[in-house]
Amino acid sequence: MKRDHHPPRRDPRHAGWTRRDLLRAGLLAGAAWGSGLAGLAPALAAAPVEASLAGGRRLGLLPFQPEPDLPFGVPQGSGLDARLYFDLSRLEPEKLITPVEDFYVRTGVPDRLPSTAGWRLELGGRVAKPVVLRLADLEAEQRDFGVHLLECAGNASPARFGLISAGRWSGIPVEAVLDRARRNSDARAVRITGFDGHSQPSTSSRLGCSWVFTFEQLEACGAFFATHLNDRRLTPVHGYPLRLMVPGWYGCCAVKWVDRVDFVRGDVDATAQMREFAGRTHQHGVPEKALDYLPATIDPAAVPIRVEVWQVGERRRYRVVGVQWGGATGGSRLEIRFRPDGPYTRVSTQPERGDPDTWALWSHLWDPSPGRHLIQLRFDDPGLQTRRLDMGLYLRGVDIPPG
Ligand SMILES: Nc1nc2c(c(=O)[nH]1)N[C@H]1C(S)=C(S)[C@@H](COP(=O)(O)O)O[C@H]1N2
Ligand SMILES: [Mo]
């Protein structure tokens, strides 16, 4: 299924920006990276932002421009077109777990979902004999998996980056389920499928949610079938009774309402879902065979989430607060700039990344001149793979008023 960006017809990378903006930002020319600026970025001492604002008064927030007005936290649409956007601007250091009510939604409960009381999970394909499991059969394997972030592969500025959330999950390790069937010796991978019976067609999404993973991929990332989110039984919209979680991979792999697992051979075809998300998971073209897909992993990424306006004595000052998530950064530091051709400077308060499975906040003190600014981030290690940052996907604009 499924196209994630919203509204559907706009290109998520370029929405809102003129061609000129993009050219200037080096996005179309692909010149933003490797331009030699890395070496020139001034190594500013990390001054704690909070100290500079001490005694000041926070006047408010500046809107990001141009981005749509979204009704955050209010369910939109139904079925395949259902969305609920999380308001990233509300993140605070002590509030990094998204409450279940606010957790983003992409695809609502299928209206043909059968009663979940007698939920069956069938293991089939290249196995000696198909096995049908009930939830009760798996209860003993239940455990806490800690905090994990989920991000839709279509998360972009038209959604105001609101298709991302982090919660505390528990569930059943994938291996504990796979071990219930005796696989044939030619089984190389599994295709994990969720229930997807929507009576209403969607303009933007295709039916069928399944993804193919090798055993090694599932093991390496610690995949599990989630049954609980934030210590509560999974809600229907987040995939009750069982939803796959593939830590570090995009949401399109996190199959909800899982009802089938097929053991498959190495030459298995890609699924409709894999093809649909090929671009958004950075594949080279749209491979025919499932095992030719790169893992749909999330590279290190960062986006500003709010620009705070402060009055400190006589001075008007600004604090940019943002979030960082995605893969390991190996101690690399975050850098920021405010003009497409401007120099990068080190973000003044770096994120504390105790746990790479979730997000962390950073902040930066900023004394801008009036006018439109384009906020862009990168890591100071040019060897780090940061495909989405490189594309300019997380650029945000802000207008500084005169005076
Ligand atoms: N069965 C099913 N599972 C699904 C989907 C779907 O359409 N059908 N959408 C996927 C996508 S694209 C995303 S981003 C996540 C969203 O999970 P959430 O709505 O619980 O946040 O679910 C995934 N699992
Ligand atoms: Mo998604």
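Two strands count as paired here if DSSP finds at least two bridges between them. With that in hand, here are some close-up views of this predicted model.

**Figure 1. Strands β1 and β15 are joined by 5 bridges.** Welcome to the first view, where β1 and β15 (residues 301–312) run antiparallel. β1 covers residues 57–62. Which residue of β15 is the bridge partner of Arg 57? Look for Gln 311, which takes that place in β15.

**Figure 2. An open sheet of 4 strands holds this pair.** Step back a little and follow the order β1-β15-β16-β19, with antiparallel pairing. Which strands stand at the edges? They are β1 and β19; each has a single partner strand, so one side of each is left without a neighbour in the sheet. From one strand to the next, the twist averages 30°.

**Figure 3. The largest pocket has a volume of about 350 Å³.** Its lining is made up of 20 residues, and those closest to the centre are Pro 93, Leu 96, Glu 352, Ala 360 and Leu 361. Two or more lining residues come from each of β16 (315–325) and β19 (360–366), both of which you have already met as strands of the open sheet. Which element gives the largest share? That is β19, with 4 residues. Sorted by class, the pocket lining has 8 nonpolar, 7 charged and 5 polar residues.

**Figure 4. The second largest cavity holds about 40 Å³ of space.** Searching the whole structure turns up 2 cavities of 30 Å³ or more. For finding your way around the second largest cavity, the lining residues are Ala 302, Ile 375, Gln 376, Leu 377, Arg 388, Leu 389, Gly 392, Leu 393, Tyr 394 and Leu 395. Ala 302 is a handy link to the first view, since residues 301–312 make up β15.

**Figure 5. β20 and α7 each supply at least two residues of the lining of the second largest cavity.** Here the same cavity is shown by its elements and residue classes. β20 spans residues 371–379, and α7 spans 387–391. How many residues does β20 give to this lining? The strand provides 3, the most that any element gives to the second largest cavity. Among the lining residues are Ile 375, Gln 376 and Leu 377, along with Arg 388 and Leu 389. By class, the lining has 7 nonpolar residues, 2 polar and 1 charged.

Key
Residues numbered from 1 in each chain as written. Chains lettered and ligands numbered in written order. Predicted model: local features only at pLDDT ≥ 70, side-chain atom pairs only at ≥ 80, totals over all residues. Heavy atoms only, no water. 1 Å grid on protein atoms, 1.4 Å probe; cavity = no way out; pocket = protein on both sides within 12 Å on 5 of 7 lines; lining within 4 Å. Points joined across faces, edges and corners; volume = space filled by probe spheres on them. Nonpolar A, V, L, I, M, F, W, Y, C, P; charged D, E, K, R; others polar. Axes fitted to C-alpha atoms, helices over the stretch in contact; angles between N-to-C directions.
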